[in-house]
Amino acid sequence: MHITSFAIAISATCACWTPSSVYAIKDIPIESFGLTPDHSWYAINDPVMGGQSTGSATVQDGIGVFQGEVKGVPTLSDAPGFIAMQTRGGYYPDLSSCSGLRLTVKSANDYARFRVSFGTNHPSGSMPYARGYKAHFVPPVGSFGWVTIPFEKFSDYWDPKTGDQIVTCEEDNNWCPDDITLENLLRFEIMAEGVLGVVDLQVKLIEAVDCADDVSTVDQNPGLHQQGGRGQNGHFGSGELQNIDHIGYVSPHILSNGDIRIESFSNPQHAWFALNDPVMGGSSTSTVTLENDVGVFEGEVMDVSFLHAPGFIKMETRGGAFPDVSHCNSLKLNLKAPLDYDGLHVTFGVHHAAGTEPYVRGYKAPLVVKRSESFQDVVIPFTDFSDNWDALTGDVLVSCSENPKYCPDDATLRDFTTFAIMGEGVDGKVLVEVASIDAIDCSKLSSDGNAGRSVNSGHWIGVFSGFVVVAGVGVGIGKRMGSKYSGREVVVPVPTRLRLDAGIV
């Protein structure tokens, strides 16, 4: 990693750098939270791991707003859980020449355990779900200020229970951010963890500082840097990924035959995106697009090299308004599959079955489709779904019919929270075109046309499930390319007038 030489002079009110006469340097915006944010942000909270914390991530008036409360996790003796504001995929400039990150941020209170995390690197010997480089920061309270975090303050060897670094980059540069990660962050996250309390954070700007002057800030390959993960295309539909809180009731769309419409791709009501195993070291690829009023899921499942086994691809939606289908008996998907592929599955919800692996979340069933150039109805009874399935293959281990405790519960059927079509466990090319998704064989609703249930808490907790499923079988990474840094964390008030290119006035 090349680091531009610089000197930092620290006072009570400012942080100043003096550029070397050899290099020209500049700061690079990563996220400005403007009218159109550069990335899609969502909340991830600990309920996916049995916790009770709540959080939201929204963009309001050009500012990223991260709010919620970190609560104790009952299964961990009420140890503090976590909430996070995260984005995955999208375009990141090459930051390998930069010295660190700077956040323009403020907190409404003195909550004391904020972290910044980026990347998906997994160090050998750490817990399988400990991914990315992480550092602590303390935001100013009451007014916006700068928080500068040199890259030397980040480490990918940290305690997954508390977020505290176990071995720092300064102690051993094997744990420093490597060039591969800095060239493409893949994932960026602001977390509150390890301490109970109310969180109310506002973020105006995230930027990299002291970067080489020749670093491009324009995406030269937009097709490779779409939101949703590396090499995956962005979401489509009416659902907004930035605004993840949807609380209340929804009147179901009841068809003339009594079925309940969950999604019609002629007028999508959810934000759909692709999620593939490359974010965790695999090489499978897929895209999710809207073409001719159908959702097109296309890609290829390939072996994960370190597992010598097939990976996965996924067409997914999270949050949004799902109708109550607890009074229905089956799902019906109207679709066509022009290619032969035997590894399709449908999954919904984030429920965790007692006795299963901790990263096995949601109910899953095989999606058996005949190869055809014509659309066909595929019916999957809810009794075919189970939340006891093999995380490597997706195959159901104990079916609902074999043991009712693995059947979809009413809480999940009242609010799916997440829904996905997956290709997994079998190598091969996948092409599925979906016209609609319905719940069928439903009992009569109440007179107001509503099942009388709340619809969606919208906490995007399923994202972490997908992350942990793959992380649970993570690959050890060898030694990192370490570099020496200079600098220390600095918090300074934001001047009333800043450079125009910083996006702040």
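Helices and strands here are DSSP runs, at least four residues for a helix (H or I) and at least two for a strand (E), numbered from the N terminus. Counted that way, this predicted model has three helices and 30 strands. Of its 505 residues, 56% are buried. Here's a quick tour.

**Overall picture**
- Take the contacts with a separation of 6 or more: residues 24 or more positions apart account for 76% of them.
- The protein exposes about 20,400 Å², and carbon and sulfur atoms supply 51% of that area.

**An open five-stranded sheet**
- The strand order is E4-E9-E14-E11-E12, with antiparallel pairing.
- E4 (42-45) and E12 (133-137) sit at the edges with a single partner strand each, so each has one side without a neighbour in the sheet.
- From one strand to the next, the twist averages 25 degrees.
- Inside this sheet, E11 (residues 114-118) and E14 (residues 187-193) run antiparallel and are joined by five bridges.
- Phe 118 has Phe 188 in E14 as its bridge partner.

**Nonpolar cores**
- The largest nonpolar core has 41 residues, and Leu 101 and Phe 188 have the most contacts inside it.
- Strand E15 (residues 197-212) gives this core its largest share, seven residues.
- Skipping neighbours within four places in sequence, Leu 101 still touches a long list of residues, including Ile 30, Val 116, Phe 118, Phe 151, Phe 154 and Phe 188.
- That Leu 101 list also has some polar company, among them Thr 148 and Glu 207.
- There's a second, separate core of 38 residues, and Ile 262, Val 346, Phe 348 and Tyr 363 are among its members.
- As background, nonpolar side chains in soluble globular proteins tend to be buried together.

**The E19/E20 hairpin**
- E19 (residues 285-291) and E20 (residues 294-301) run antiparallel, with seven bridges joining them.
- One of the pairings puts Val 288 opposite its bridge partner Phe 297 in E20.
- Two residues separate the strands in this hairpin, and Asn 292 in the turn has a positive phi of about 55 degrees.
- Asp 293 has a positive phi too, about 65 degrees, although it is not a glycine. You'll find Asp 293 in the loop between E19 and E20.
- Asp 293 comes out at 47% relative accessibility, so it counts as partly exposed; the exposed label would need over 50%.

**Another positive phi**
- Thr 417 is not a glycine either, yet its phi is positive at about 70 degrees.
- Thr 417 belongs to the loop between helix H2 (410-414) and strand E28 (418-424).
- With 8% relative accessibility, Thr 417 counts as buried, because the cut-off for that label is under 20%.

**Disulfides**
- A search of the whole structure turns up four disulfides.
- With the bonded cysteines numbered in sequence order, the pairing reads 1-4, 2-3, 5-8, 6-7.
- Cys 98 and Cys 211 are linked with their sulfur atoms 2.0 Å apart, and the link is right-handed at 110 degrees about the S-S bond.
- Cys 98 lies in the loop between E9 (82-88) and E10 (100-107) while Cys 211 is in E15, so the pair ties together parts 113 residues apart in sequence. Both cysteines of this pair, Cys 98 and Cys 211, are buried.
- Cys 169 is joined to Cys 176 at 2.0 Å, S to S; that link is right-handed with 85 degrees about the S-S bond, and both Cys 169 and Cys 176 are buried.
- Cys 400 is joined to Cys 407 at 1.8 Å, S to S, in a right-handed link with 85 degrees about the S-S bond. Cys 400 counts as buried at 4% relative accessibility.

Key:
Residues numbered from 1 in each chain as written. Predicted model: local features only at pLDDT ≥ 70, side-chain atom pairs only at ≥ 80, totals over all residues. Heavy atoms only, no water. Pairing = 2+ DSSP bridges. Axes fitted to C-alpha atoms, helices over the stretch in contact; angles between N-to-C directions. Core = buried A, V, L, I, M, F, W, Y, C linked by side-chain atoms within 4.5 Å. Buried < 20%, exposed > 50% of the residue type's maximum accessible area, 1.4 Å probe, protein only. Contact = heavy atoms within 4.5 Å. Areas by Shrake-Rupley, 256 points an atom, 1.4 Å probe, with all protein chains shown as cover. Disulfide = S-S within 2.5 Å.
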